[in-house]
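These are my notebook entries on a single model. I set down each item in the order in which I looked it up.

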Amino acid sequence: MKRVGVLGAGSWGTALAVHLAGAGGHAVRLWARDPALARSLAERRENPEYLREVEIPPGVEPTSEMADLAGSDVVLLVVPSHGFRAVLRQFLATPAVAADGRPLVLVSATKGIESDSLARMSQVAAEETSRVGQPLRFAALAGPSFAPELARNVPSLVVIASEVPGLATEIREALSTPALRLYSSPDVVGVELGGATKNVIAIAAGILSGLGLGHNTLAALITRGLHEITRLGVACGGQPRTFAGLAGLGDLVLTCTGALSRNRRTGMELAAGKTLAEITGETPMVAEGIRNSAAIARLAALRGVEMPITEQVVAVLYQDKDPRRAVEELMTRGLKAEAEL
């Protein structure tokens, strides 16, 4: 897997491309939707809009032509969940890609679910490849990893999950570097839902910080948030141990406490009185938890899973609920034994 294609030149896609080319020695082609951005990346060798003060190494070839990614040994799809299906469909329709003949080795680095269908990215990928008769070997990547830190080779650990026998191990061995350690897993459901749901809890964590509440409250939120994530994940077929690992607890702690977390920052701005329109209009970057909160709440309702923190985040985001009132309601819920699911 020396030839790597990356679909998506936002902060995370650029960071993965930079790291895999620089620390991993891979030949990486990085696709950007905007031709002007692709030209800028190629000429300036930096992406200041999404990943400041990081040099793009010679091993990364920016492009706005999907055909340039044909022949890649592995393709990383790194776009927001609401754009995943459209980008994949466009990629599969590219003549050079369709003519490749080999099964598509696709790694999703997207942390979210589809808002309308409530599908995970593995389900979207299966639907889209089946529609055109493209053989698929799918894996999901998640774990505690901020893009700027990975791009600067800060030691990071993530999980690669696949239900295809041997694929997670193959990708683990191919893409691990001295600064990026991959662990393999067969639990695609758990890894995908851990990565999606932690963003919602991180918005709640930001609200607590913005309200000036203390470490007691934050620790409790993270713990109970993990309880919610695990309940939903297991109800959807995930393995409980996954949520105690990097794609569950690890990613949750990072996103709830790290200053680089966009979802945490969203919560802090909500606590400061900013509207959702103001928050989303200030940056081109996507806080996945905003859109995914409502989708995850719907998925939980369909599965009969209680997620009170998620429900309160939805109310603050979309029903103009006062953040302090949301905290009060969580604190005054009916009392129960901790182990109750």
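Which residues does K198 touch, not counting residues up to four places away in sequence? I noted K111, I229, D251, L252 and T255. The model is a predicted one. I placed K198 in helix α8. Because its relative accessibility is 6%, below the 20% cut-off, I entered K198 as buried.

**Entry: the sheet**

I traced an open sheet of eight strands, with mixed pairing, in the order β3-β2-β1-β4-β5-β6-β7-β8. Its edge strands are β3 (60-63) and β8 (180-185), each of which pairs on one side only. Direction ignored, I found that neighbouring strands are turned by 25° against each other on average.

I then looked at two strand pairs. Strand β4 (residues 74-77) runs parallel to strand β5 (residues 104-108), and three bridges join them. For V75 I recorded L106 as the bridge partner in β5. The pairing of β7 with β8 is also in the parallel sense, and I recorded six bridges for it. There V159 stands opposite Y183 in β8.

**Entry: helix α7**

I asked which strands helix α7 (residues 167-175) lies across. They are β1 (3-7), β5, β6 (136-142), β7 (156-161) and β8, and α7 runs at about 175° to β8. I also recorded the handedness of the β-α-β unit made by β7, α7 and β8, which is right-handed.

**Entry: helix α2**

Which residues of helix α2 (residues 35-44) are buried? I listed L37, A38 and L41. They share one side of α2, because the arc they cover around the axis is only 100°. An α-helix has 3.6 residues a turn, so residues three or four places apart point the same way. Among the elements that cover the buried residues of α2, I noted β2 (27-31) and β3.

I next inspected both ends of α2. At the N-terminal end D34 acts as the cap, with a side-chain oxygen 3.0 Å from the backbone nitrogen of A36. Just after the helix, R45 has a positive phi of about 55°.

**Entry: T14**

I located T14 in helix α1 (residues 11-22). Is T14 buried or exposed? I entered T14 as buried, because its relative accessibility is 1%. The T14 side chain makes a polar contact, at 3.0 Å, with the side chain of N47. Leaving aside neighbours within four places in sequence, I listed G8, A9, L30, N47 and L51 as the residues in contact with T14.

**Entry: helix α14**

How many of the 11 residues of helix α14 (residues 308-318) are buried? I recorded nine, so α14 is largely enclosed by the rest of the structure. The buried residues are P308, I309, T310, Q312, V313, V314, A315, V316 and L317.

I then looked up what covers these buried residues of α14. The covering elements include α8 (188-210), α9 (215-235), α11 (262-271), α12 (276-281), α13 (288-303) and α15 (323-331). Helix α8, in which I had placed K198, is thus among the elements that cover α14. Just after α14, I noted a positive phi of about 55° at D320.

Note on methods: Residues are numbered from 1 along each chain as its sequence is written. This is a predicted model: local features need pLDDT of at least 70, side-chain atom pairs count only at pLDDT 80 or more; totals for chains, interfaces and linings use all residues. Side-chain values use heavy atoms; hydrogens and water are left out. Two strands pair if DSSP finds at least two bridges between them. Helices (H or I, at least four residues) and strands (E, at least two) are DSSP runs, numbered from the N terminus. Axes are lines fitted to C-alpha atoms, for helices over the stretch in contact, and angles run from 0 to 180 degrees between N-to-C directions. Contact means heavy atoms within 4.5 Å. Buried means under 20% relative accessible area, exposed over 50%, partly exposed in between (1.4 Å probe, protein chains only). The arc is that of the directions from the helix axis to the C-beta atoms. A polar contact is a pair of N or O atoms within 3.5 Å; within protein, one must be able to donate a hydrogen and the other to accept it, and residues adjacent in sequence count only if both atoms are side-chain atoms. A crossover is right-handed if, with the strands pointing away from the viewer, the path from the first strand over the helix to the second runs clockwise.
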